[in-house]
Amino acid sequence: MNNTNKYQKSIDCLNDAIGKEISTSLQYMYFHVRMEDAGYEYLAAYFHKVAIEEMRHIEEFAERILFLQGDVNMNPAFESRQITEVPDMLRLAMKIEQSTIDSYNEAARITSEIKDTVTHHIFQSITQYEEQHLDNFRTELQNMTDYGDKYLALQSIGRSKSIAK
Ligand SMILES: [Fe+2]
Ligand SMILES: [Fe+2]
């Protein structure tokens with residue numbers, strides 16, 4: 001058996017990314033159910049949407065690994081945290097996105113060095129999504145800072161309105 005794969009570094013970067021995406025997706029799904037339970041309709045829906053987006057990233061990374069004839073390590077990189085205060089949730093989400101962006105930029109550099117253009121491109125394009133997540137979480141945290149509990153109250157009113165329809 002040939003145990004030297006010229007794309008091993010790419011496979012390692014991709015598996016590392018999969019671990020992060022799994023943990024991130026689960027963390028956001030936890031935030032989603034917490035926020036939904038608390039009645040924060042829009043924020044809950046946004047975390048649900050992003051959790052699903054991170055799941056799609058897992059699929060894309062995993063398909064690439066199989067194409068490179070590696071195997072997928074489908075395991076979380078870190079455990080979910082039971083955070084229940086919305087500003088703390090947003091702060092953790094921003095931290096996760098920033099560290100993901102940093103590590104995908106590094107993966108883009110490594111995959112470019114070993115001339116794996118397609119994996120390089122996958123990291124580039126997924127990093128754009130992560131930057132968008134970071135930007136949106138930052139905006140939400142800013143809204144919380146500017147409007148405080150009123151912002152969350154408005155979201156609860158939004159849900160009451162939609163129930164009443
Ligand atoms: Fe992602
Ligand atoms: Fe993300």
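**Figure 1. The end of α4 and the residue after it.** In this predicted model, helix α4 is followed by G148, a residue whose phi is positive, near 55°. The helix that precedes G148 has 31 residues, and the distance from its first C-alpha to its last is 45 Å, which is close to the 45 Å expected at 1.5 Å a residue.

**Figure 2. The buried residues of α4 and what covers them.** The buried residues of α4 are T119, H120, I122, F123, I126, E130, H133, F137, E140 and M144, a list in which the charged residues E130 and E140 appear together with nonpolar ones such as F123 and F137. The cover over these buried positions includes α1, α2, α3 and α5, the last of which spans residues 149-164.

**Figure 3. The largest nonpolar core.** This core has 16 residues, and those with the most contacts inside it are L14, A17, I18, F61, Y104, A107 and F123. Two or more residues of the core come from each of α1 (8-38), α2 (41-67), α3 (86-113) and α4 (117-147), and among these elements α1 gives the most, with 6 residues. When residues up to four places away in sequence are left out, A107 touches C13, A17 and F123. Apart from this core lies another one, of 15 residues, whose members include M35, Y40, A44 and M89.

**Figure 4. The crossing of α2 and α5.** The axes of these two helices come within 7 Å and cross at roughly 90°; because angles of 65 to 115 degrees count as roughly perpendicular, α2 is described as roughly perpendicular to α5. In the contact itself, E41, Y42 and L43 of α2 meet Q155, G158 and R159 of α5, and the residues of this contact divide into 2 nonpolar, 2 polar and 2 charged.

**Figure 5. The whole protein, as a setting for the close-up views.** The protein has 5 helices and 0 strands, so that, by the DSSP runs used here, the pattern read along the sequence is α-α-α-α-α. Taken along the principal axes, the C-alpha atoms fill a box of roughly 65 × 25 × 25 Å. Of the 165 residues in the protein, 31% are buried; among contacts between residues at least 6 apart in sequence, 76% join residues that are at least 24 apart.

Definitions and conventions: Residues numbered from 1 in each chain as written. Chains lettered and ligands numbered in written order. Predicted model: local features only at pLDDT ≥ 70, side-chain atom pairs only at ≥ 80, totals over all residues. Core = buried A, V, L, I, M, F, W, Y, C linked by C-beta atoms within 7 Å. Buried ≥ 20, exposed ≤ 12 C-beta atoms within 10 Å, placed from the backbone. Helix = DSSP H or I, 4+ residues; strand = E, 2+ residues; numbered from the N terminus. Contact = placed C-beta atoms within 7 Å. Expected span 1.5 Å × (residues − 1). Axes fitted to C-alpha atoms, helices over the stretch in contact; angles between N-to-C directions. Parallel < 35°, antiparallel > 145°, perpendicular 65-115°, else oblique.
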